[in-house]
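Notebook open, structure on screen. I want to look up how some of the helices sit against each other, then check a few single residues.

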Amino acid sequence: MDAYLQSTGDRHAQIVGGLTVLERRVRELAKAGVTRAFIATAPLDLSRPMPIQIQFVPPGSPVPDGATVERADMIAGIVDEDSRKSAEWKLIRGMNKSFEGPVDALINWRFSMRITRVLARQSMKLTPNHVTITAIVIGLLASLLASRGTYVSVAIAGVLLELNSILDSCDGELARLRYQYSKLGQWLDNLSDDIVDNVFLIAVGHGIGGIWQTFGICAALGRVLVSLVTYVSVYRRTGTGDVFAFRWWFESDKQTADDVYDPKAITTWLRSFGRRDTFVFIWMLACLVGFPYWIVGHGLVIAAVNVGLLVLQFTVYRNKR
């Protein structure tokens with residue numbers, strides 16, 4: 001399918017979210033099934049190779065037979081120059097995660113998307129992986145502070161961990177906004193969450209002292225075991241690190257991620273209480289009220305439940321197959 005793109009003035013050359021409006025339109029049309037685009041504007045240097053064949057033609061050139069006429073200067077369905085800022089925000093607002101937990105959906109996006117809007121500026125020259133690495137550093141700093149065990153250090157650690165969670169949304173938003181996807185980024189994003197959370201559990205247990213040190217280590221080890229099995233299972237099935245592709249024994253292999261995480265399903269809401277955005281927010285509150293015992297206990301319960309499910313996965317699920 002061919003498309004004929006036309007623009008008024010040079011609005012198609014404006015930078016929005018780190019890409020020119022024209023580049024964004026071409027990528028949007030490619031996702032919609034367009035295989036070739038005729039662009040009726042002056043030639044424009046593009047930042048990266050386009051996913052479809054493109055050809056610049058003089059403005060006013062006749063529309064090729066069978067080609068659909070499209071705007072080259074449209075952002076999020078808006079072409080009005082006076083609405084450019086609102087169009088940019090509408091575009092960024094649509095970059096949220098496919099499967100959000102309640103805290104991401106109600107709270108975190110209000111911070112993450114505003115941060116992403118700044119990070120996406122061309123002058124920043126940041127990639128999603130840069131954001132992920134920054135989040136890891138902040139998460140490890142939070143763990144260091146938590147290990148000291150004082151009220152002030154633990155409270156600051158909780159706030160930093162929540163900042164880590166917000167940045168965990170920013171890297172994905174930036175990747176979707178700029179079309180900067182990579183397998184490395186996918187693995188780095190998932191592994192960073194596990195590393196930070198488990199180190200934080202051990203650090204909090206160390207800060208409390210006594211038997212809680214052992215509890216923190218056990219919680220982290222249980223979570224590591226479940227994560228390893230999840231990653232190996234997903235990689236064998238899909239060749240990627242997409243944890244949303246993992247299926248428990250009570251879920252069908254034929255179900256898509258949209259089926260498994262259907263927002264109308266009760267299981268999705270129950271599952272959301274184990275989502276990272278939710279428990280990190282709760283951990284922050286526990287740090288702020290001076291009750292770090294909750295964090296280790298909560299981590300231990302999550303680990304125990306998941307290990308229990310894992311045992312069933314290797315018994316019930318295997319026999320079912």
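I started with helix 5 and helix 6, bearing in mind that this is a predicted model. Their axes are 11 Å apart and the packing angle is about 170 degrees. Anything over 145 degrees counts as roughly antiparallel, so I put helix 5 and helix 6 down as roughly antiparallel to each other.

Next I looked up who touches whom in that pair. From helix 5 I have Ala 157, Leu 161, Asn 164, Asp 168 and Asp 171, and they meet Asp 189, Asp 193, Val 196 and Phe 200 of helix 6. Sorted by type, the residues of this contact come out as 4 nonpolar, 1 polar and 4 charged.

While on helix 5, I checked its length. It runs over residues 151-178, which is 28 residues, and spans 41 Å from first C-alpha to last, close to the expected 40 Å. Buried or exposed, how do the residues of helix 5 come out? I got 22 of the 28 as buried, so helix 5 is largely enclosed by the rest of the structure. Just past its end, Tyr 179 has a positive phi of about 60 degrees.

Then the other partner of interest: helix 4 (residues 128-146) against helix 6 (residues 183-208). Here I read an angle of about 5 degrees, with the axes 8 Å apart. That angle makes helix 4 roughly parallel to helix 6. The contact list is long enough that I only note some of it: Ile 133, Ile 136 and Leu 140 are among the helix 4 residues, and Leu 188, Val 199 and Ala 203 are among those from helix 6. Asp 189, Val 196 and Phe 200 of helix 6 are in this contact too, and I had already noted them against helix 5. By type, the contact of helix 4 with helix 6 splits into 12 nonpolar, 7 polar and 1 charged.

I followed helix 6 to Ile 208, which belongs to that helix. Its relative accessible area is 23%, so I log Ile 208 as partly exposed. Setting aside residues up to four places away in sequence, Ile 208 touches Pro 292, Tyr 293 and Val 296. I also checked Ile 208 against Ser 147: 61 residues apart in sequence, 7.9 Å apart C-alpha to C-alpha.

Last stop, Ser 86 in helix 2 (residues 84-93). Ser 86 has 42% relative accessibility and so counts as partly exposed. Its C-alpha lies 9.5 Å from that of Ile 75, with the two positions 11 residues apart along the chain counted as separation.

Technical notes:
Residues are numbered from 1 along each chain as its sequence is written. This is a predicted model: local features need pLDDT of at least 70, side-chain atom pairs count only at pLDDT 80 or more; totals for chains, interfaces and linings use all residues. Side-chain values use heavy atoms; hydrogens and water are left out. Axes are lines fitted to C-alpha atoms, for helices over the stretch in contact, and angles run from 0 to 180 degrees between N-to-C directions. Helices (H or I, at least four residues) and strands (E, at least two) are DSSP runs, numbered from the N terminus. Angles under 35 degrees count as roughly parallel, over 145 as roughly antiparallel, 65 to 115 as roughly perpendicular and the rest as oblique. Contact means heavy atoms within 4.5 Å. Ala, Val, Leu, Ile, Met, Phe, Trp, Tyr, Cys and Pro count as nonpolar, Asp, Glu, Lys and Arg as charged, and the others, Gly among them, as polar. Buried means under 20% relative accessible area, exposed over 50%, partly exposed in between (1.4 Å probe, protein chains only). The expected span of a helix is 1.5 Å times one less than its number of residues.
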